[in-house]
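User: I am new to this structure and would like to go through it step by step. Please begin with how two of its helices pack.

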Amino acid sequence: MTVSDRAAEAVRAAIRDHGPIGFDEYMELALYGPGGFYEEPPVGVEGDFVTSPHVHEVFASLLGAGLRELGRLLGGPSPMRITEVGAGDGTLAAELRRALADLPIEYTAVERSPGARRALQAVGIEAAEDMPAGSHIVFAHELLDNLPFRLLRGGLEVRIDLDGDRLVEVRVEPDDELLQLLDGPRPPGETVLPTGAFAFVDLVAARLADPGYVLLIDYGAVGETGGPVHGYRAHRIVEDPLSDPGSADITAGVDFARISRRAASLALTAYPPVTQRHALSRLGFEAWIKQELARQAEQLESSRGVEAVRTWSGRSRATLLVDPEALGRMRWLLLATEGLPAPSFIA
Ligand SMILES: C[S@@+](CC[C@H](N)C(=O)[O-])C[C@H]1O[C@@H](n2cnc3c(N)ncnc32)[C@H](O)[C@@H]1O
């Protein structure tokens, strides 16, 4: 049985056991169950999709500058406890730990995927399975859009059923819990109710130190998700997320307004989300580009052509991080305990 067969079989078994399952349960099995998409880290050029830390290490270095500023605004706790949730293969964690090596930090990488925990161990990081209490800064990069959610379409809840062996979508009257979460009239189109992201925000609020910051970086929009639920495999969009569970990512953009409201209900201040383009520019992206141009010119002048080509290619790759059509459109949402100021990269 292949990896994705195991996930598909687990989905079928759940439906046979207790009837049509919610989209959240489907995601849980297809992404995180045995044979699920995240059993092994799928991120990277050789994998299914690329995230910012895999594009260029300048991402970690600028994010590190942002975390440094948050640490200053927190009054420079020593040790400064930083927790990264959903650390994947540890690319970002390893680079951030290097970038912040001069600070008294205690860095915890949290991962639920066994394969990702092995990858983290390979770069010298012993991952935790659960978020520790008392972190001064909690951050998550591309986590929220992969947390299980419930789904409404045309005012009805989407559930996954079987037609023979084939997975099919059925629509049922939403239950009271879902209607409560919806908190308003039933929209006619597709509505994502981010139950997993809400549970995550609740847990962070309970475990964050006071004072403390939470930085959430993800795809999405404000007041909407910014696009339909979809899959992702081998760097391509998969339109039907039911087609081969376990073989593709399943995701929807984050509605940052919903997350901000949830955080506010837990006494956290939610600053208006900014684009990654804005945040990285404030943290010095353009200054870094100028520096790289000067390095390239110097390499050319001293007849180090191959190095100059490498510098050019790295710089050109890094522009994806701020490209409004690419990773630059991601949003950075900062939450804070009461009374903390906004850092320069958010203001
Ligand atoms: C899209 S990947 C992003 C990985 C990495 N942050 C990056 O940007 O390359 C999402 C990661 O979050 C992990 N994850 C999902 N739910 C989690 C949870 N509740 N706690 C910890 N990790 C989780 C997955 O296993 C996966 O490695």
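User: How are helix α11 and helix α12 oriented relative to each other, roughly parallel or roughly antiparallel?

Analyst: In this predicted model, α11 (residues 285-301) and α12 (residues 305-318) pack with their axes 8 Å apart, at an angle of about 165 degrees. Angles over 145 degrees count as roughly antiparallel. Therefore the orientation of α11 to α12 is roughly antiparallel.

User: In which hand does α11 pass α12, and how many residues of their contact are nonpolar?

Analyst: The crossing of α12 by α11 is left-handed. Among the residues making the contact are W288, I289 and L293 of α11, together with A308, W312 and R315 of α12. Four residues of this contact are charged and four are polar, while the nonpolar ones number eight.

User: Which side chain has an N or O atom 2.6 Å from an oxygen atom of the ligand?

Analyst: The ligand has 18 residues around it, and T51, G86, E111, H141 and N146 come nearest. For the side chain of T51, the distance from an N or O atom to a ligand oxygen is 2.7 Å. The 2.6 Å distance to a ligand oxygen belongs to the side chain of H141.

User: Which residue is joined to P211 by a cis peptide bond?

Analyst: Most peptide bonds are trans. One cis bond joins S78 to P79, with omega about 0 degrees, and P79 is in the loop between α4 and β2. P211, by contrast, is found in strand β9. With omega about 5 degrees, the cis bond to P211 comes from D210.

Notes
Residues are numbered from 1 along each chain as its sequence is written. This is a predicted model: local features need pLDDT of at least 70, side-chain atom pairs count only at pLDDT 80 or more; totals for chains, interfaces and linings use all residues. Side-chain values use heavy atoms; hydrogens and water are left out. Axes are lines fitted to C-alpha atoms, for helices over the stretch in contact, and angles run from 0 to 180 degrees between N-to-C directions. Helices (H or I, at least four residues) and strands (E, at least two) are DSSP runs, numbered from the N terminus. Angles under 35 degrees count as roughly parallel, over 145 as roughly antiparallel, 65 to 115 as roughly perpendicular and the rest as oblique. A crossing is left-handed if the near helix is turned anticlockwise from the far one by less than a right angle, and right-handed if clockwise. Contact means heavy atoms within 4.5 Å. Ala, Val, Leu, Ile, Met, Phe, Trp, Tyr, Cys and Pro count as nonpolar, Asp, Glu, Lys and Arg as charged, and the others, Gly among them, as polar. A residue is near a molecule or strand if one of its heavy atoms lies within 4 Å of it. A polar contact is a pair of N or O atoms within 3.5 Å; within protein, one must be able to donate a hydrogen and the other to accept it, and residues adjacent in sequence count only if both atoms are side-chain atoms.
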